[in-house]
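Work through the exercises below with the model open. Try each task before reading its solution.

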Amino acid sequence: MIEWTENIAGEQATLSLSGKITFENSGELRNRVKAILSEFPLKQLTFDLAGVRFVDSSGLGLLVSIKNTMAKRNGSFKIINIAETVRNIMNQTGLDRYFEI
Amino acid sequence: MNIATVALQLEMTGKYGPKKLNFTDHLANYTHFFNRIVDYLHDPELQTLTLNSTFESRRRHIEWLMSFSEHILYKVPMVPPEFLSPMLLIIHEAVSNAVYHGNLSVPNSIRTRKTFHEYEEELAVAQPKLLERQATLTLRLFRDYGELTITDSGDGFNYQRELNRDAPPSPDREMGRGIYILKQTADEIDFQDNGKTLHVRKNWRQP
């Protein structure tokens, strides 16, 4: 289960998520981000993961794809308020440096 | 009715010697099932828990199983708090590997474009038999360690190549981290039967 609130203003958007980002739901989240990106001229997208305690390999893949997408449109993607359990899996997979967390 | 079962065996020490309690139900009833057994999970005499589940390659089944496993993990006295997240990760990666890669052989191009739900709806029309492919999971929790075995109904895969990987996949790649994460998280990992059976072990006390 994942839920999020969206705060979109001008070229910036923050999604504040809570729950787990896993293979069961990462596709839905991907679709929503795609829709936001096609609707708004975003230059900066932020994921506030304060309420997220668990991310699996599909969730990581989703975060990577969002970062790649933002880079392609000369924008940036930031992850903030990352929990220790999520940071651990980022460290394990070398993504801590990729996301500059 | 689709195949989705869950069975639990609890091994207790007792005044009159060890005893084994057994419970089984349809996975759809997992909330009721959990409420029925939760008091036993608190019992200090609980020594070993074995969870067995056979399920099909449907998102609903996986969600039931994940939710039930998580409920169990967070209630039993055997798993120290710092091992809860790693165990949950092991279960998630093992199940998604068995269903996505093993049973459904979902191409990466689909995984990056479609939700599980959308893909499942397509398969229900085009190849319903594929969704009936089963996986069987056994999770055993002991005082000192936990272990998981999962067998899928797919064709197997070149697991040795994945196990030999000693660095994580390139950070800009969207896919291909599952087995690497399992290897990093578990203390032991091995595949059998051409990769159709996966076994992992996580120690919480040094053996």
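**Exercise 1: strand 4 and its neighbours**

E56(B) stands opposite Q134(B), a residue in strand 4 of chain B. The model is predicted.

Task: Find which strand pairs with strand 4 of chain B over eight bridges, and in which sense. Then do likewise for the pairing over six bridges.

Solution.
1. Take strand 3 (residues 46-56) of chain B: strand 4 of chain B pairs with it over eight bridges, in the antiparallel sense.
2. Turn to strand 5 (residues 145-151) of chain B. It pairs with strand 4 of chain B over six bridges, again antiparallel.
3. Check a bridge here: R140(B) has E147(B) in strand 5 of chain B as its partner.
4. Trace the link. Three residues form the hairpin from strand 4 to strand 5 of chain B.

**Exercise 2: two faces**

Task: Sort the residues of strand 4 (residues 134-141) of chain B into a covered and an uncovered face.

Solution.
1. Recall the rule: side chains in a regular strand alternate between the two faces of the sheet.
2. The covered face holds A135(B), L137(B), L139(B) and L141(B).
3. The uncovered face holds Q134(B), T136(B), T138(B) and R140(B).

**Exercise 3: the contact with chain A**

Task: How many residues of chain B are in contact with chain A, and which element gives the largest share?

Solution.
1. Count with C-beta atoms within 7 Å. That puts 25 residues of chain B in contact with 22 of chain A.
2. List the elements of chain B giving two or more residues: helix 2 (59-75), helix 3 (84-103) and helix 8 (178-185).
3. Helix 3 of chain B gives the largest share, seven residues.
4. Split this side of chain B by class: ten nonpolar, seven polar and eight charged residues.

Key
Residues numbered from 1 in each chain as written. Chains lettered and ligands numbered in written order. Predicted model: local features only at pLDDT ≥ 70, side-chain atom pairs only at ≥ 80, totals over all residues. Contact = placed C-beta atoms within 7 Å. Helix = DSSP H or I, 4+ residues; strand = E, 2+ residues; numbered from the N terminus. Nonpolar A, V, L, I, M, F, W, Y, C, P; charged D, E, K, R; others polar. Buried ≥ 20, exposed ≤ 12 C-beta atoms within 10 Å, placed from the backbone. Pairing = 2+ DSSP bridges.
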